[in-house]
Amino acid sequence: MMTMTGVAAAEGERTPMIGAAVTYSEAGERQAALVGGELELVWWSGRFGLGAEAAARRAVDDDSARSLALAGSARVLVADWLWPSLLEPRDVEVGIELQLIGERTWWSRDVSSDAFGVGAAFRMRGGSDWELSSLLAESRLFVRVMRSTGAPSDVVARTADAMPAAMSGMFAQPDHAITVMVGLGAAFGAGTRNYLDRFRLHMFDMSRE
């Protein structure tokens, strides 16, 4: 019989978690699709974390529409538990994070915008396959909803707008956009020995049958 056991909290980390992600965004009412990559550095203290992020994105249908973004985020681990792994004889930590995000985006030298939003992340974390290593590995699925203000909404909109210029002015949208972002990521860091012990390989246990 399999049961959820124990409590695994972020205070077991010994270094900041450094991660990378691939993201896909639907931006604005005209559904311009953006793809890109992101790097983030997150420092946790207990269940609370602060993150710094950098991202590069481009429009799927218009290679000239590109952006660079810097963001900061505050995070809280609202739930976590240990769960038996389906692939290995070890447990993994499953956690759910909530996030508040502020982002500054540059579409060109003269076009920039600010965005604020909320996010949620589902993460699975485990120890290294090398028993003497202090490495922590983490996979993440995250969703964010951001509201931006400024001219970039016009830049993004052009990637999905086929109307002539004279008509597009008649149907101009407010100077803001809602972006929904879905991404997959991975993060790595080092953990304390007591924290890593929970991820070690365990002997066959009849109670897990």
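User: How many helices and how many strands are there in the chain?
Analyst: This is a predicted model, so read everything here with that in mind. From the N terminus on, the elements run β-β-β-β-β-β-β-α-α-β-α. That makes 3 helices and 8 strands.

User: What share of the chain's residues count as buried?
Analyst: The chain has 209 residues. It exposes about 11500 Å², with carbon and sulfur atoms supplying 67% of that area. As for the residues that count as buried, the share is 41%.

User: Among contacts between residues at least 6 apart in sequence, what percentage join residues at least 24 apart?
Analyst: One example of such a long-range pairing is leucine 196, which touches Ser133, and these two are 63 residues apart in sequence. Across the chain, the contacts joining residues at least 24 apart come to 65%.

User: Is arginine 75 buried or exposed?
Analyst: Arginine 75 is found in strand β4, which covers residues 66-84. The cut-off for buried is under 20% relative accessible area. Arginine 75 has 3% relative accessibility, so this residue counts as buried.

User: Which side chains make polar contacts with the side chain of arginine 75?
Analyst: Beyond its sequence neighbours up to four places away, arginine 75 touches a list of residues including Trp44, Arg47, Glu97, Arg140 and Arg144. Glu40 and Glu53 are also among them. The side-chain polar contacts of arginine 75 are at 3.2 Å with glutamate 40 and at 3.0 Å with glutamate 53.

User: Which residue's side chain is joined to that of arginine 57 by a polar contact?
Analyst: Arginine 57 lies in strand β3, residues 48-59, and is buried with a relative accessible area of 8%. Leaving aside neighbours within four places in sequence, its contacts include Glu38, Arg66, Glu103 and Met181. The polar contact joining the side chains is 3.3 Å, and the partner is glutamate 103.

User: Which residue's ring has the charged end of arginine 123 sitting over it?
Analyst: Ring-to-ring pairing won't help here, as the structure holds 0 aromatic pairs. The charged end of arginine 123 does sit over a ring, 5.4 Å from its centre. That ring belongs to tryptophan 44.

User: How many residues are in the largest nonpolar core?
Analyst: Its members are Met17, Leu82, Leu136, Ala187, Tyr195, Leu196 and Phe199, a core of 7 residues. Apart from it lies another core, with Leu34, Ala59, Ala65 and Val111 among its 5 residues. For the largest core, then, the count is 7.

User: How far apart in space are leucine 196 and serine 133, C-alpha to C-alpha?
Analyst: Leucine 196 is found in helix α3, residues 193-196, and is buried with a relative accessible area of 5%. Not counting residues up to four places away, it touches Gly127, Ser133, Ser134, Leu135, Leu136 and Gly191. From leucine 196 to serine 133 the C-alpha separation is 9.1 Å.

User: Is leucine 100 buried or exposed?
Analyst: Leucine 100 is found in strand β5, residues 91-106. It touches Gly72, Ser73, Ala74, Gly117 and Val118, not counting residues up to four places away in sequence. The cut-off for exposed is over 50% relative accessible area. At 57% relative accessibility, leucine 100 counts as exposed.

Definitions and conventions: Residues numbered from 1 in each chain as written. Predicted model: local features only at pLDDT ≥ 70, side-chain atom pairs only at ≥ 80, totals over all residues. Heavy atoms only, no water. Core = buried A, V, L, I, M, F, W, Y, C linked by side-chain atoms within 4.5 Å. Buried < 20%, exposed > 50% of the residue type's maximum accessible area, 1.4 Å probe, protein only. Helix = DSSP H or I, 4+ residues; strand = E, 2+ residues; numbered from the N terminus. Polar contact = N/O pair within 3.5 Å; in protein donor to acceptor, adjacent residues only side chain to side chain. Contact = heavy atoms within 4.5 Å. Phe/Tyr/Trp six-rings, centres within 6.5 Å; stacked < 30°, edge-to-face > 60°. Lys NZ or Arg CZ within 6 Å of the ring centre and 35° of its normal. Areas by Shrake-Rupley, 256 points an atom, 1.4 Å probe, with all protein chains shown as cover.
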